[in-house]
Amino acid sequence: MVRTKKTGITLPIYVSRHPQAFVFVPEESGKTNALKNARLADICVATSAAPTYLPAHFFTTKDPNGTSTRNFDLVDGAIAANNPALLAISEIRNQIRMHTGEFAGVEPTEKKASVDIATPQNLQRLKEIGSELLKKTESRVNMDTGKYEEIEGGRTNEAALARFAQFLSDEKKYRQTN
């Protein structure tokens with residue numbers, strides 16, 4: 001069961017019948033809502049159920065009295081939350097703000113950090129980097145070495161993007177007429 005976990009885990013799941021994300025959090029499960037106290041095995045199967053490859057995972061939870069149940073029909077959480085680190089940070093911020101979980105005694109800070117340094121020099125350098133990348137030959141990752149390798153006889157990134165944009169445009173026109 002999720003509530004018996006000793007360490008903090010945050011598992012994103014996507015509810016396949018309704019467009020919403022669902023997150024199982026040990027501090028929350030079973031304490032505020034007993035119906036969220038699912039078996040960890042069910043949650044792991046659900047968060048691994050990548051659509052088109054695996055079917056949605058269906059399971060039911062019961063409250064301790066057995067009077068109420070909740071059905072779950074879930075798929076891979078990456079559909080809604082594809083960045084686990086950001087999800088964990090968000091959960092920690094919520095625990096700090098709500099004074100719950102492992103961070104109940106931590107006081108929130110009002111400081112805001114930013115890595116956005118949009119100076120004219122930085123924007124010009126970004127433009128130069130983009131232009132250089134467009135001129136380079138298409139490349140792929142070599143799965144053995146993990147390094148990018150140019151595609152022999154490949155076109156430039158600019159030509160590849162133009163071709164892809166044309167493909168998307170043609171696909172949109174096709175879908176609008178059919």
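Which residues in α2 are buried? The model considered here is a predicted one, and in it Leu-87, Glu-91, Gln-95 and Ile-96 of helix α2 are buried. The helix itself covers residues 84-98, a run of 15 residues. From its first C-alpha to its last, α2 reaches 21 Å, which is close to the 21 Å expected at 1.5 Å a residue. Just after α2, the backbone at His-99 takes a positive phi of about 55°.

A second positive phi occurs in the turn of a hairpin, where Gly-66 has a value of about 75°. The hairpin is formed by β3 and β4, with six residues between them. Strand β3 spans residues 57-62 and strand β4 spans residues 69-76. The two strands pair in the antiparallel sense, and six bridges are found between them. Within this pairing, Phe-59 stands opposite Phe-72 in β4.

The relation between these two residues extends to their rings. The structure holds two aromatic pairs. Phe-59 and Phe-72 form a stacked aromatic pair, with 5.0 Å centre to centre and 20° between the planes. Phe-59 lies in strand β3 and Phe-72 in strand β4, so the pair ties together parts that are 13 residues apart in sequence. Buried residues are those under 20% relative accessible area. Phe-59 therefore counts as buried at 5% relative accessibility, and Phe-72 likewise counts as buried at 3%.

The other stacked pair to consider is that of Phe-164 and Phe-167, at 6.4 Å centre to centre and 20° between the planes. Both residues lie in helix α4, which comprises residues 157-177. Phe-164 and Phe-167 are three residues apart, about one turn of the helix. Their accessibility contrasts with that of the hairpin pair: Phe-164 counts as partly exposed at 47% relative accessibility, and Phe-167 counts as partly exposed at 47%.

The hairpin phenylalanines also belong to a wider assembly. The largest nonpolar core has six residues, namely Ala-38, Ile-43, Ala-46, Phe-59, Phe-72 and Leu-74. Helix α1, residues 40-47, and strand β4 each supply at least two residues of this core. Ala-46 is found in helix α1 and is buried, with a relative accessible area of 0%. The C-alpha atom of Ala-46 is separated by 7.9 Å from that of Phe-58, although the two residues are twelve residues apart along the chain.

Attention now turns to charged side chains. Side chains of opposite charge can pair when their charged atoms come close. How many salt bridges does a search of the whole structure find? The search finds five salt bridges.

One of these salt bridges is in helix α4, the helix that also holds Phe-164 and Phe-167. The side chains of Glu-171 and Arg-175 meet there at 2.8 Å, N to O. Because they are four residues apart in helix α4, Glu-171 and Arg-175 are separated by about one helical turn. Glu-171 is partly exposed, with a relative accessible area of 26%, whereas Arg-175 counts as exposed at 60% relative accessibility. Elsewhere, salt bridges that share partners join Arg-125, Glu-128 and Glu-132 into one network.

Within that network, Arg-125 forms a salt bridge with Glu-132, and the closest N and O atoms are 3.7 Å apart. Arg-125 counts as partly exposed at 40% relative accessibility, and Glu-132 is partly exposed as well, with a relative accessible area of 44%.

A further salt bridge is that of Arg-155 with Glu-138, whose closest N and O atoms are 3.5 Å apart. This pair links distant parts of the chain, 17 residues apart. Arg-155 is in the loop between β6 (148-150) and α4, while Glu-138 is in the loop between α3 (120-135) and β5 (139-141). Arg-155 is partly exposed, with a relative accessible area of 33%. Glu-138, by contrast, counts as buried at 17% relative accessibility.

Technical notes. Residues are numbered from 1 along each chain as its sequence is written. This is a predicted model: local features need pLDDT of at least 70, side-chain atom pairs count only at pLDDT 80 or more; totals for chains, interfaces and linings use all residues. Side-chain values use heavy atoms; hydrogens and water are left out. Two strands pair if DSSP finds at least two bridges between them. Rings of Phe, Tyr and Trp (its six-membered ring) pair if their centres lie within 6.5 Å; planes under 30 degrees apart count as stacked, over 60 as edge-to-face and the rest as tilted. Buried means under 20% relative accessible area, exposed over 50%, partly exposed in between (1.4 Å probe, protein chains only). The expected span of a helix is 1.5 Å times one less than its number of residues. A nonpolar core is a set of buried Ala, Val, Leu, Ile, Met, Phe, Trp, Tyr and Cys residues joined through side-chain atoms within 4.5 Å. A salt bridge is a side-chain nitrogen of Lys or Arg within 4 Å of a carboxyl oxygen of Asp or Glu.
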